[in-house]
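The exercises below are meant to be worked with the sequence and the coordinates at hand. Try each task before reading its solution.

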Amino acid sequence: MRPPAPPTVVMPSERVVVLLSCALSALGSGLLVATHALWPDLRSRARRLLLFLSLADLLSAASYFYGVLQDFSGPSWDCVLQGALSTFANTSSFFWTVAIALYLYLSIVHAARGPQYDHLFCTFHVVSWGVPLAITVAAVSLKKIGYDASDVSVGWCWIDLEAEDRALWMLLTGKLWELLAYVTLPVIYILIKKHINRAHAALSEYRPILSDAHRRQRCTSVADKKLVLIPLIFICLRVWSTVRFILTLCGSPAVSTPVLVVLHGIGNTFQGGANCIMFVFCTRTVRTRLFSLCCCCCSSQPSTESPAGPPEVLASSKIGDCQESRRTPVELPST
């Protein structure tokens, strides 16, 4: 194996961009967790999986934020701790992302619903938390996590580049699962989309044309777009870290290219923000409830009596509006 390239210097401007990405990702993950806690009727099985993915992304963003903020210049105990936390959270995020895809495939294509499929969630928990934890504990015990000179990171610690078997541990602690996700996610969502298209073709052939056909077609189009966007966004965010990983193994000086460093930093840290955009702001039911809650909170400030009526009447009217907004139909995370 070639020796590692010279250390990558992360410029202050690049560091600020990555810190901002970490903060936005943490806020997005926190918002996803908050929506799950606020509205019990939205706690579908798919959104329960999304909750665990958000927790992993939240821990990942927090650990990356600390690593970039500390600007490590060498090995230290907090460098190892941050590297261990980010390794566990990042790998767990890969597993939960694939778990969501598998669940959607089983529930849509094979109609896997009901209590008899609860063992799936137990399996998802064992694999998505247990495997990353075992890998992380092994890496820490064998002293493989440490200072990496930002060659395969953007300021945070990961696999010590002085380790002789660094390539193997880079694969085990993230890159292997990342590469598998590149292949698995598109295949699963293509199979789901093909099944949906076949089902729609069968319905259009045997079911008479209904008056709301145009509305159903529009909703279906939105769902299909999300199914395409899920693996596409994942690949677009993660591919830059894979590129730098390959360049590092080749000893190429291109690993220090500023644009590549920034894209790597944003891609590794913004997964929680991207999920929030898709499953909160681009999901009509959740978006409507969130905006209604914000409006209710902003308008609940004490005010003097106005010509429209006493404050008590206004307050009761606003509460009624808020309650009415919560009765909107539940929307699946993928639609």
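**Exercise 1. Is Lys 143 buried or exposed?**

Solution. The model is a predicted one, and the classification rests on a cut-off: a residue counts as exposed when its relative accessible area is over 50%. For Lys 143 the relative accessible area is 70%, so Lys 143 is exposed. As to its place, Lys 143 sits in the loop that runs between H4 and strand E1 (145–146). Its backbone also deserves a look, since Lys 143 has a positive phi of about 60 degrees although it is not a glycine.

**Exercise 2. Describe the backbone and the exposure of Asp 71, and check the span of the helix that it follows.**

Solution. Begin with the helix: H2 has 26 residues, which at 1.5 Å a residue should span 38 Å, and because its end C-alpha atoms are 38 Å apart, the expected span and the model agree. After H2 comes Asp 71, which is found in the loop between H2 and H3. The phi of Asp 71 is positive, at about 55 degrees, although the residue is not a glycine. The last step is exposure, where a relative accessible area of 42% makes Asp 71 partly exposed.

**Exercise 3. Characterise the chain as a whole, from its secondary structure to its surface.**

Solution. Counting the elements gives ten helices and two strands, and reading them along the sequence gives the pattern α-α-α-α-β-β-α-α-α-α-α-α. Next consider the contacts with a separation of 6 or more, of which 77% are between residues 24 or more positions apart. Of the 335 residues in the chain, 43% are buried. The accessible surface of the chain, finally, is about 16,800 Å², and 70% of that surface belongs to carbon and sulfur atoms.

**Exercise 4. Which residues have the most contacts inside the largest nonpolar core, and which elements supply this core with two or more residues?**

Solution. The largest nonpolar core has 36 residues, and those with the most contacts inside it are Trp 96 and Tyr 189. Two or more residues come from each of helix H2 (45–70), H3, helix H4 (118–141), helix H5 (166–206), helix H6 (213–250), helix H8 (271–281) and helix H9 (284–299). H3 gives the largest share of this core, with eight residues. Another core, of ten residues, lies apart from it and includes Trp 158, Ile 159, Met 170 and Phe 245. To look more closely at Trp 96, leave aside its neighbours within four places in sequence; the contacts of Trp 96 are then Leu 49, Phe 52, Leu 53, Ala 56, Phe 124, His 125, Ser 128 and Trp 129.

**Exercise 5. Contrast the surroundings of Gln 271 with those of Trp 77.**

Solution. Take Gln 271 in helix H8 before turning to the surface. With a relative accessible area of 6%, Gln 271 is buried, and beyond its neighbours within four places in sequence it is in contact with Ser 25, Asp 57, Ser 93, Phe 234, Leu 237 and Arg 238. Trp 77, by contrast, belongs to helix H3 and is exposed, since its relative accessible area is 66%. In soluble globular proteins, nonpolar side chains tend to be buried together. Trp 77 nevertheless joins Leu 59, Leu 81 and Leu 85 in a nonpolar surface patch of about 410 Å², to which helix H3 (residues 77–109) gives the most, with three residues.

Conventions:
Residues are numbered from 1 along each chain as its sequence is written. This is a predicted model: local features need pLDDT of at least 70, side-chain atom pairs count only at pLDDT 80 or more; totals for chains, interfaces and linings use all residues. Side-chain values use heavy atoms; hydrogens and water are left out. Patches are made of residues with over 30% relative accessible area and no salt bridge: like charges are joined within 9 Å, nonpolar side chains (Val, Leu, Ile, Met, Phe, Trp, Tyr) within 5 Å. Accessible areas come from the Shrake-Rupley method with a 1.4 Å probe; for residues, only the protein chains shown count as cover. A salt bridge is a side-chain nitrogen of Lys or Arg within 4 Å of a carboxyl oxygen of Asp or Glu. Helices (H or I, at least four residues) and strands (E, at least two) are DSSP runs, numbered from the N terminus. Buried means under 20% relative accessible area, exposed over 50%, partly exposed in between (1.4 Å probe, protein chains only). A nonpolar core is a set of buried Ala, Val, Leu, Ile, Met, Phe, Trp, Tyr and Cys residues joined through side-chain atoms within 4.5 Å. Contact means heavy atoms within 4.5 Å. The expected span of a helix is 1.5 Å times one less than its number of residues.
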